[in-house]
Each structure stands twice: as C-alpha cells, then as structure tokens.
Amino acid sequence: MADRGAEGSGKPALTAAQRQLLRRRQELDSWRRNASRLRSRNLLTGLGIGAFVVAMFSYTILSVKQERIMEELDDEAKINIIRGPRTGANS
C-alpha cells in the first residue's frame with residue numbers, strides 16, 4: 001500500500017500535525033479571500049433587521065397613539081350624550 005508522499009514522489013509524507021496545520025492555513029486564506037463579501041452580507045442583514053425593528057416600533061407607537069385619540073373621542077361623545085343636545089334653554 002502506498003501512502004501519500006510515497007518514496008517515488010520525492011516529497012516526504014506529512015505528519016498528522018503538519019496536515020492539520022496545512023488545512024488551517026488553507027481555511028484562513030479562504031476566510032481572508034471572502035472576508036469583504038461576508039462583511040457586506042452581514043452589513044445588509046444588520047440594516048434589514050434594524051429597519052424592520054424601527055418600522056415595527058413606529059407602527060406600535062402610532063397604533064397606541066391612535067387608540068388614545070379614539071378613547072378621547074369616545075369620552076367626549078359620552079359627555080355630549082349625557083349632557084344632551086345643546087339648545088338655547090340649556091347652554
């Protein structure tokens with residue numbers, strides 16, 4: 001059975017530690033090559049999530065504000081119903 005780096009190839013066989021080091025260097029080079037693309041994707045994802053959060057917060061604040069306005073209108077309507085119609089005799 002011939003091992004990688006056998007006698008005929010002229011290269012000595014790599015030890016397990018050397019193979020692991022070589023793999024890690026290759027992974028690091030790959031990360032370096034793809035870092036800018038990854039950074040831009042992360043930026044776009046962050047901006048998208050941030051925009052969603054701001055929109056949801058704004059919608060919630062707006063709906064609560066409208067609810068308060070509707071409650072105030074309902075209170076005014078109840079007061080006007082209790083007072084009755086405004087005529088010259090009771091104004």
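**Exercise 1.** How much area does the protein expose, and what share of it do carbon and sulfur atoms supply?

*Solution.* Start with what you're looking at: this is a predicted model, where local features need pLDDT of at least 70, side-chain atom pairs count only at pLDDT 80 or more, and totals for chains, interfaces and linings use all residues. Residues are numbered from 1 along each chain as its sequence is written, and side-chain values use heavy atoms, with hydrogens and water left out. Now the answer: about 8,900 Å² is exposed, and carbon and sulfur atoms supply 60% of that. Accessible areas come from the Shrake-Rupley method with a 1.4 Å probe; for residues, only the protein chains shown count as cover.

**Exercise 2.** Find the helices and strands, then place Met56.

*Solution.* Count first: there is one helix and zero strands. These are DSSP runs (helices H or I, at least four residues; strands E, at least two), numbered from the N terminus. Met56 sits in helix H1, which covers residues 16-83.

**Exercise 3.** Is Met56 buried or exposed, or in between?

*Solution.* Grab the cut-offs: buried is under 20% relative accessible area, exposed is over 50%, and partly exposed is in between (1.4 Å probe, protein chains only). Met56 has 42%, so call it partly exposed. Glu71, also part of helix H1, has 45%, so it's partly exposed too. For the whole protein, 1% of the 91 residues count as buried.
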